[in-house]
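Subject: Structure handover

Hello,

Here is the structure I promised to pass on. Please open it alongside this message.

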Amino acid sequence: LKKRVGGERLVLNFTTDEEMQKAKQVLKNHRLEINSEQKTISFASTKGVAQLRETLELLDGIKIQEAAIRKPTLDDVFLKLTGHGAEVKTASEDDQ
């Protein structure tokens, strides 16, 4: 199932919105997923570590808090198949 969702993704986390916007401009040729709240940019990776290295070189001078290669999770599979995230009920919700 995980293979149906897609392959690896490069995930970059920034300390400021300004740094994230700079990176967004540099990486505009990629199909980016932006999470402004978490200050992350991610995109599909076909070359793994080599692409991460190339990306970090392109972003030289831009402050990156964290960079990672992420494989699809079961949550990603669920989201892809259902169109929404998994909902977790708390014990108090079950009592209502």
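Below is what I found, from the overall layout down to single residues.

**Overall layout**

Please keep in mind that this is a predicted model. The protein chain has five helices and four strands. From the N terminus, the elements run α-β-α-β-β-α-β-α-α. Of the 96 residues in the chain, 23% are buried. Take the contacts with a separation of 6 or more: 62% of them join residues 24 or more positions apart.

**The sheet**

The four strands form an open sheet. Their order is β2-β3-β1-β4, and the pairing is antiparallel. At the edges sit β2 (33-35) and β4 (64-70), each of which pairs on one side only. From one strand to the next, the twist averages 15°.

Look at the pairing of β1 with β4. Strand β1 covers residues 9-14, and six bridges join it to β4. The two strands run antiparallel. One bridge to find by eye: N13 has E66 in β4 as its partner.

**Two helices across the sheet**

Helix α2 spans residues 17-26. It lies across β1, β2 and β3 (40-44), at about 25° to β3. Helix α3 spans residues 48-58. It lies across β1, β3 and β4, and its angle to β4 is about 160°.

Which residues of α3 are buried? They are G48, Q51, L52 and T55. These four sit on the same side of α3, because they cover an arc of only 105° around the axis. The spacing rule of helices is useful here. An α-helix has 3.6 residues a turn, so residues three or four places apart point the same way. The cover over the buried residues of α3 includes β1, β3 and β4. On the face turned away from the buried side, α3 carries the exposed residues R53 and E57.

**The core**

The largest nonpolar core has 11 residues. They are L10, L12, F14, M20, A23, L27, I41, F43, L52, L59 and I62. β1, α2 and β3 each supply at least two of them. The largest share, three residues, comes from β1. As background, nonpolar side chains tend to be buried together in soluble globular proteins.

L12 is a good place to start in this core. Beyond its neighbours within four places in sequence, L12 is in contact with L27, K39, T40, I41, T55, L59, E66 and A67.

**Four residues to look at**

*T55.* This residue belongs to helix α3. T55 counts as buried because its relative accessibility is 2%, under the 20% cut-off. A polar atom of its side chain lies 2.8 Å from the backbone oxygen of Q51. Leaving out residues up to four places away in sequence, T55 touches L10, L12, L27 and F43.

*S45.* Look for this one in the loop between β3 and α3. Is S45 buried or exposed? It counts as buried, at 8% relative accessibility. Its side chain reaches the backbone nitrogen of G48 at 3.1 Å. Residues up to four places away in sequence aside, S45 touches E8, R9, L10 and Q51.

*A67.* Strand β4 holds this residue. A67 is partly exposed, with a relative accessible area of 32%. How far apart are A67 and L12 in sequence and in space? In sequence they are 55 residues apart; in space they are 4.6 Å apart, C-alpha to C-alpha. Setting aside neighbours within four places in sequence, A67 is in contact with V11, L12, L52 and L56.

*K39.* The loop between β2 and β3 contains this residue. K39 is not a glycine, yet it has a positive phi of about 55°. With a relative accessible area of 24%, K39 is partly exposed. K39 also appears among the contacts of L12.

**Where to begin**

I would start with the sheet order, β2-β3-β1-β4. Then find α2 and its path across β1, β2 and β3. Next, find α3 across β1, β3 and β4. After that, pick out L12 and trace its contacts, which include T55, K39 and A67.

Over to you.

Best wishes

Note on methods: Residues are numbered from 1 along each chain as its sequence is written. This is a predicted model: local features need pLDDT of at least 70, side-chain atom pairs count only at pLDDT 80 or more; totals for chains, interfaces and linings use all residues. Side-chain values use heavy atoms; hydrogens and water are left out. Two strands pair if DSSP finds at least two bridges between them. Axes are lines fitted to C-alpha atoms, for helices over the stretch in contact, and angles run from 0 to 180 degrees between N-to-C directions. Contact means heavy atoms within 4.5 Å. Buried means under 20% relative accessible area, exposed over 50%, partly exposed in between (1.4 Å probe, protein chains only). A polar contact is a pair of N or O atoms within 3.5 Å; within protein, one must be able to donate a hydrogen and the other to accept it, and residues adjacent in sequence count only if both atoms are side-chain atoms. A nonpolar core is a set of buried Ala, Val, Leu, Ile, Met, Phe, Trp, Tyr and Cys residues joined through side-chain atoms within 4.5 Å. The arc is that of the directions from the helix axis to the C-beta atoms.
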